[in-house]
Amino acid sequence: MQIITDPAGKELKKHGDSSFPFLVSYERLSGYETGSFLWHWHPEIELTYIEKGEMLYKINQNTFHLKEGQAIFGNANALHAGYMYQDQDCQYIPITFDPKLIYGFSGSLLFQKYTEPILRSSLSAVPLDLSCKWHSEAIKDIRDIIDLDCSREPMYEFEVIARLQHFWKILYENTISRAILPSGQDEEN
């Protein structure tokens with residue numbers, strides 16, 4: 001198996017459908033012909049949780065060494081690929097979703113103030129490697145989303161959106177909002 005892309009490298013796989021553009025996949029690097037998933041991009045956000053093993057996750061020009069229990073935020077349209085670390089397999093769970101699930105509709109205040117600044121920034125990736133206090137809260141949201149997808153209880157879509165929005169709030173507070181604080185001010189980690 002390998003990721004199928006168009007000539008521009010855009011992944012052709014559907015990430016959910018138009019009624020709920022959200023998908024949780026359960027993957028392992030050994031499932032790919034080369035032991036890695038090759039360079040591709042998609043307009044959806046991707047949150048990848050490392051369930052077992054380690055991976056070298058490349059996004060644009062950056063390489064991140066992700067370990068079991070860690071995760072990474074990959075921005076919309078970011079070129080990415082994943083490789084085995086020291087020829088060891090890795091089980092990982094990517095969550096892909098259309099950012100509209102965060103903001104609702106173009107032109108909304110949630111889009112203008114909180115979503116667009118991240119989508120339009122140079123922030124292609126944020127490794128959630130537990131080096132900052134807020135990473136564990138963000139990873140908890142990701143794990144909760146995976147659990148919600150597994151159980152698919154009635155109205156789980158509301159819970160998924162609530163967790164995605166909470167994740168986004170934490171991400172915004174600790175990336176974009178920190179970058180625009182007036183000089184001399186600092187928020188706690």
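Let's start at Ser-108, which sits in the loop between helix 1 (100-103) and helix 2 (109-119). This is a predicted model, and in it Ser-108 has a relative accessibility of 7%, so the residue counts as buried. A polar atom of the Ser-108 side chain lies 3.1 Å from the backbone nitrogen of Phe-111.

How far can you lean on the prediction? The average pLDDT for the chain is 92, and 94% of the residues score at least 70. The stretch to be careful with is residues 183-189, where the pLDDT is below 50. In the model, that stretch has 12 contacts beyond near neighbours in sequence.

Now for the strands. A good one to follow is strand 4, which covers residues 45-59. Strand 4 pairs with strand 8 (residues 90-97) in the antiparallel sense, over 8 bridges. Within that pairing, look for Leu-47, which stands opposite Ile-95 of strand 8. Strand 6 (residues 71-74) also runs antiparallel to strand 4, and 4 bridges join the two. Here Tyr-49 has Ala-71 of strand 6 as its bridge partner.

Further along, strand 4 meets strand 5 (residues 62-67), again antiparallel, with 6 bridges. Met-55 is bridged to Leu-66 of strand 5. The hairpin made by strand 4 and strand 5 has 2 residues between the strands, and Asn-60 in this hairpin takes a positive phi near 50°.

Strand 7 (residues 80-84) is another antiparallel partner of strand 4, joined to it by 5 bridges. Lys-58 faces Ala-81 of strand 7, while Ile-59 stands opposite His-80. Strand 7 also pairs with strand 3 (residues 36-40), running antiparallel to it with 3 bridges between them. On that side, His-40 is the residue opposite His-80. So His-80 of strand 7 is placed opposite Ile-59 and also opposite His-40. As you trace these strands, remember that side chains in a regular strand alternate between the two faces of the sheet.

His-80 leads us to another histidine, His-42, in the loop between strand 3 and strand 4. Is His-42 buried or exposed? Its relative accessible area is 2%, so His-42 is buried. The side chains of His-42 and His-80 are joined by a polar contact of 3.4 Å. A second polar contact, of 2.8 Å, links the His-42 side chain to that of Glu-46. Leaving aside residues up to four places away in sequence, His-42 touches Glu-11, His-15, Ala-76, Asn-77, His-80 and Thr-96.

Next, the aromatic rings. The model has 9 aromatic pairs. One of them is Phe-20 with Tyr-156, an edge-to-face pair with 6.2 Å from centre to centre and 70° between the planes. This pair links distant parts of the chain: Phe-20 belongs to the segment before strand 1 (22-24), Tyr-156 belongs to helix 4 (residues 156-174), and the two are 136 residues apart. Phe-20 counts as buried because its relative accessibility is 14%, and Tyr-156 is buried too, at 7%.

Helix 4 also provides Trp-168, which pairs with Phe-73 of strand 6 across 95 residues of sequence. Why is the pair of Phe-73 and Trp-168 called edge-to-face? The ring planes of Phe-73 and Trp-168 stand at 75°, which is over the cut-off of 60 degrees, so the pair is edge-to-face. Their ring centres are 5.9 Å apart. Both Phe-73 and Trp-168 are buried. Elsewhere, look for Tyr-32, Phe-37, Tyr-57 and Tyr-92, which form one aromatic cluster.

Last stop: the cysteines. The count of disulfides is 0. Cys-150, for one, is in no disulfide, and the nearest cysteine sulfur, that of Cys-90, is 17 Å away. The cut-off for a disulfide is 2.5 Å between the sulfur atoms. Cys-150 has a relative accessibility of 54%, so this residue counts as exposed. Cys-132, by contrast, counts as partly exposed because its relative accessibility is 25%.

Conventions. Residues numbered from 1 in each chain as written. Predicted model: local features only at pLDDT ≥ 70, side-chain atom pairs only at ≥ 80, totals over all residues. Heavy atoms only, no water. pLDDT = per-residue confidence, 0-100. Contact = heavy atoms within 4.5 Å. Helix = DSSP H or I, 4+ residues; strand = E, 2+ residues; numbered from the N terminus. Buried < 20%, exposed > 50% of the residue type's maximum accessible area, 1.4 Å probe, protein only. Polar contact = N/O pair within 3.5 Å; in protein donor to acceptor, adjacent residues only side chain to side chain. Pairing = 2+ DSSP bridges. Phe/Tyr/Trp six-rings, centres within 6.5 Å; stacked < 30°, edge-to-face > 60°.
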